[in-house]
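The following paragraphs lead the reader through one structure, from its aromatic residues to its core and its pocket. Please keep the sequence and the model in view while reading.

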Amino acid sequence: MTGEAFSVRSVRLPAAYGALGGPDSLLPWSHVEERMRSALNYWIVTVGPSARPHARPVDGVWVDGALCFGGSPQTRWVRNLMANPSISVHLSSEAEAIILEGTAEYVTDPSHPLAVPSTAASNAKYPQYYSGTEPPFRPFWALRPTTAFAWTLEGFPRGATRWRFAER
């Protein structure tokens with residue numbers, strides 16, 4: 001997310017959780033990006049028409065500051081996103097939290113700036129899904145977070161960090 005405007009601060013937590021630490025304890029954005037790039041899958045939470053949350057793991061790639069992921073329109077989570085594109089994403093970990101929030105964009109245009117790099121990254125990350133030929137464009141979802149949270153359990157709550165990104 002080079003060049004992106006964002007604010008960074010400690011996460012707001014109850015005082016009973018302990019001392020947060022100062023600005024020097026905050027995690028760098030590069031910590032989040034490295035983990036997003038290397039994750040094998042991503043847990044997404046969507047909200048259905050009945051306002052019930054729906055959590056599922058999905059394959060995806062982190063490209064140019066966005067999580068790009070796809071799925072069948074027959075799945076509940078895709079139907080949920082079509083009706084309400086609000087989403088929360090987190091990584092599977094017992095030692096740290098990485099949480100992204102925002103509005104997912106459904107990308108249907110093969111000339112979209114994320115289309116070529118996300119297809120190439122998907123092909124490299126998940127070669128088992130491709131036959132060795134150039135994969136065709138498939139519509140996908142892209143999340144550029146508006147808010148992100150990260151912390152590690154070691155020393156928590158020191159270092160618990162929140163980023164807020166400028167509207168996109």
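In this predicted model, Trp29 is a buried residue, since its relative accessible area of 9% falls under the 20% limit for that class. Trp163 likewise counts as buried, at 1% relative accessibility.

These two residues belong to the aromatic pairs of the structure, of which there are eight. The ring centres of Trp29 and Trp163 lie 5.1 Å apart; because their planes meet at 70°, the pair is classed as edge-to-face. Distant parts of the chain are linked by this pair: Trp29 belongs to helix H1 (residues 29–38) and Trp163 to strand E10 (residues 161–165), with their positions 134 residues apart in the numbering.

What is the arrangement of the rings of Phe69 and Trp77? Their centres are 5.8 Å apart and their planes stand at 40°, so this pair is tilted. Phe69 is buried, having a relative accessible area of 2%, and Trp77 is buried as well, with 7%. Elsewhere, one aromatic cluster is formed by Tyr17, Trp151 and Phe156.

A contrast to these buried residues is found at Ala16, which lies in the loop between strand E1 (6–10) and H1. With a relative accessibility of 78%, over the 50% limit, Ala16 counts as exposed. Its C-alpha atom is separated by 26 Å from that of His31, a residue 15 places away along the chain.

The discussion now turns to the interior. In soluble globular proteins, nonpolar side chains tend to be buried together. Here the largest nonpolar core comprises 36 residues, and Met36, Tyr42, Phe69 and Leu100 have the most contacts inside it. Leaving aside residues up to four places away in sequence, Met36 touches Tyr42, Trp62, Leu67, Leu91, Ile98 and Leu100. There is also a second, separate core of five residues, among them Val11, Ala97, Trp151 and Ala160. Trp151 thus appears both in this second core and in the aromatic cluster with Tyr17 and Phe156.

The last feature is a pocket. Rolling a probe the size of a water molecule over the atoms shows where empty space is left. The largest pocket holds about 440 Å³ of space. It is lined by 18 residues, and those closest to its centre are Phe69, Gly70, Ser122, Tyr130 and Arg138. Strand E5 (66–69) and helix H3 (115–125) each contribute at least two residues to this lining, and the largest share, three residues, comes from H3. By class, the lining consists of ten nonpolar, six polar and two charged residues.

Definitions and conventions
Residues are numbered from 1 along each chain as its sequence is written. This is a predicted model: local features need pLDDT of at least 70, side-chain atom pairs count only at pLDDT 80 or more; totals for chains, interfaces and linings use all residues. Side-chain values use heavy atoms; hydrogens and water are left out. Rings of Phe, Tyr and Trp (its six-membered ring) pair if their centres lie within 6.5 Å; planes under 30 degrees apart count as stacked, over 60 as edge-to-face and the rest as tilted. Helices (H or I, at least four residues) and strands (E, at least two) are DSSP runs, numbered from the N terminus. Buried means under 20% relative accessible area, exposed over 50%, partly exposed in between (1.4 Å probe, protein chains only). A nonpolar core is a set of buried Ala, Val, Leu, Ile, Met, Phe, Trp, Tyr and Cys residues joined through side-chain atoms within 4.5 Å. Contact means heavy atoms within 4.5 Å. On a 1 Å grid over the protein atoms alone, a cavity is a set of points where a 1.4 Å probe fits but cannot get out, and a pocket is an open set with protein on both sides within 12 Å along at least five of seven lines; lining residues have an atom within 4 Å of a point. Grid points are joined across faces, edges and corners, and a volume is the space filled by probe spheres set on the points. Ala, Val, Leu, Ile, Met, Phe, Trp, Tyr, Cys and Pro count as nonpolar, Asp, Glu, Lys and Arg as charged, and the others, Gly among them, as polar.
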